[in-house]
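Please find below my notes on the model, set out as numbered points that can be checked one by one against the coordinates.

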Amino acid sequence: MSRLVTRMIRRHADDGRRSRQPNESHRPTKSHQMSKSGKVMLWLSALGLGFSAALPALAQAPKAVDFQRVTVAEGLDLPMEFEISADGRAFVVSKCGKFYGWKLDGGVATQTSTVPNVRCVFEDGLLSLALDPNFTQNNYLYVQYTSPGSKTRVSRFTVNANNGLNTASESILLEWTTGNEAHGHMGGSLKFDKSGNLIITTGDNNAASGYFSAGAQATSGNTNDLRGKVLRITPTADGKYTIPAGNLFPADATHRAEIYGMGFRNPFRINLDPLTGYLYVGDIGPDASADSAEGPGGRGELGLGIVQV
């Protein structure tokens, strides 16, 4: 099935600037629509409207005429996320490990690399990417992916001169076990905040029916487990990380200091308001058709549950 990757450009009437919002993936929280041909279409972002509605003094709701839809690539294999660097390079990761990189203006979408050791089964796979805030100087790129052995990793790679990955440059910042059978509810978003911290979402690895272990007490409700969380770390030049001030817990025998928010089911995508630093989390709701004594009915949730300060 052919996929179409697009970008959105909003033109600011006040000073002629423009900002680009790439599409990410086929999940409910994204501002896209699947056509009958399987092409991904980007439209006016509901998240963007939410930002504006919350900040009437700082911004006004965008109009449909403020946006153009421009096709930049098609025929890609299961594209998951799309980033554009400040120097005009485009990067796309696909679910089964393919990595595309090219010069956006005048270039052609090209697979330049394969991320090694990606397990592409059910919801496992190469889930997301984020460019380092200083990408044009250091060429660092971060990905989250599932590897064989039920391990999920957040890793840093260096992008080389042909816009491919130097696969030997991998530095694994974080790694956690998802369980022998729990290959659903992976979460999987990455985003840098304005302070240079890397925000990471992880799913609870539980399902509503009998496929996996019931409940999430061992995952999203567990302060000593990275699953079902929003994590926040500060990457360092040596491929490691430190813990910024303001996370939920100090590190000890029963708490992980990386945890910034917890109790999530499947926070598949996040977004940051560049004006306020507010972090919006899109958490995919349960499969239940109606509310019951066991929990709420199936609804996706968009929450302003976390604020950057």
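1. I begin with a pair close in sequence numbering, bearing in mind throughout that this is a predicted model. Arginine 256 counts as partly exposed, at 27% relative accessibility, whereas its salt-bridge partner, glutamate 258, counts as buried at 6% relative accessibility. The closest N and O atoms of glutamate 258 and arginine 256 are 3.1 Å apart, and the limit applied to such a contact is 4 Å.

2. The salt bridge just described belongs to a wider set, since a search of the whole structure finds 7 salt bridges. Another of them brings together the side chains of arginine 119 and aspartate 124, with 2.7 Å from N to O. Here the acidic partner, aspartate 124, is buried with a relative accessible area of 0%, while arginine 119 is partly exposed with a relative accessible area of 24%.

3. A further salt bridge is formed by aspartate 77 and lysine 98, whose closest N and O atoms are 3.5 Å apart. Aspartate 77 lies in the loop between β5 (67-74) and β6, and lysine 98 lies in strand β8, so the contact ties together parts that are 21 residues apart in sequence. Both partners are given as partly exposed, aspartate 77 at 26% relative accessibility and lysine 98 with a relative accessible area of 29%.

4. Strand β8, which carries lysine 98, is part of an open sheet of 4 strands in the order β6-β7-β8-β9, and the pairing in this sheet is antiparallel. The edges are formed by β6 (79-84) and β9 (111-114), each of which pairs on one side only. On average, and with direction ignored, neighbouring strands of this sheet are turned by 20° against each other.

5. Within that sheet, strand β7 (residues 89-94) and strand β8 (residues 98-103) run antiparallel and are joined by 5 bridges. For a reader who wishes to check the register, a convenient place to look is alanine 90, whose bridge partner in β8 is tryptophan 102.

6. How many disulfides does the structure hold? It holds 1 disulfide, which joins cysteine 96 to cysteine 120 with an S to S distance of 2.0 Å. The torsion about the S-S bond of cysteine 96 and cysteine 120 is about -45°, so the disulfide is left-handed. Cysteine 96 lies in the loop between β7 and β8, and cysteine 120 in the loop between β9 and β10 (126-131), so that the pair links distant parts of the chain, 24 residues apart. Neither cysteine needs to be described as buried: cysteine 96 counts as partly exposed at 35% relative accessibility, and cysteine 120 is partly exposed with a relative accessible area of 27%.

7. A second antiparallel pairing that deserves inspection is that of strand β12 (residues 151-159) with strand β13 (residues 165-177), which are joined by 8 bridges. In this pairing serine 155 stands opposite isoleucine 172 in β13. The two strands β12 and β13 form a hairpin with 5 residues between them, and asparagine 163 in the turn has a positive phi of about 65°.

8. Turning to the aromatic residues, the structure holds 4 aromatic pairs. One of them, formed by tyrosine 142 and phenylalanine 192, is edge-to-face, with 5.4 Å from centre to centre and 70° between the planes. Tyrosine 142 lies in strand β11 (residues 140-147) and phenylalanine 192 in strand β14 (residues 187-192), so the pair ties together parts that are 50 residues apart in sequence. Both tyrosine 142 and phenylalanine 192 are buried. Elsewhere, ring pairs link Phe91, Phe99 and Phe135 into a cluster.

9. Finally, two arginines should be examined for their placement over aromatic rings. Arginine 232 lies over the face of tyrosine 260, at 4.3 Å from the ring centre, and arginine 269 lies over the face of phenylalanine 268, at 4.1 Å from the ring centre.

Technical notes:
Residues are numbered from 1 along each chain as its sequence is written. This is a predicted model: local features need pLDDT of at least 70, side-chain atom pairs count only at pLDDT 80 or more; totals for chains, interfaces and linings use all residues. Side-chain values use heavy atoms; hydrogens and water are left out. Two strands pair if DSSP finds at least two bridges between them. Axes are lines fitted to C-alpha atoms, for helices over the stretch in contact, and angles run from 0 to 180 degrees between N-to-C directions. Buried means under 20% relative accessible area, exposed over 50%, partly exposed in between (1.4 Å probe, protein chains only). Rings of Phe, Tyr and Trp (its six-membered ring) pair if their centres lie within 6.5 Å; planes under 30 degrees apart count as stacked, over 60 as edge-to-face and the rest as tilted. A charge sits over a ring if NZ of Lys or CZ of Arg is within 6 Å of the ring centre and within 35 degrees of the ring normal. A disulfide is a pair of cysteine sulfur atoms within 2.5 Å.
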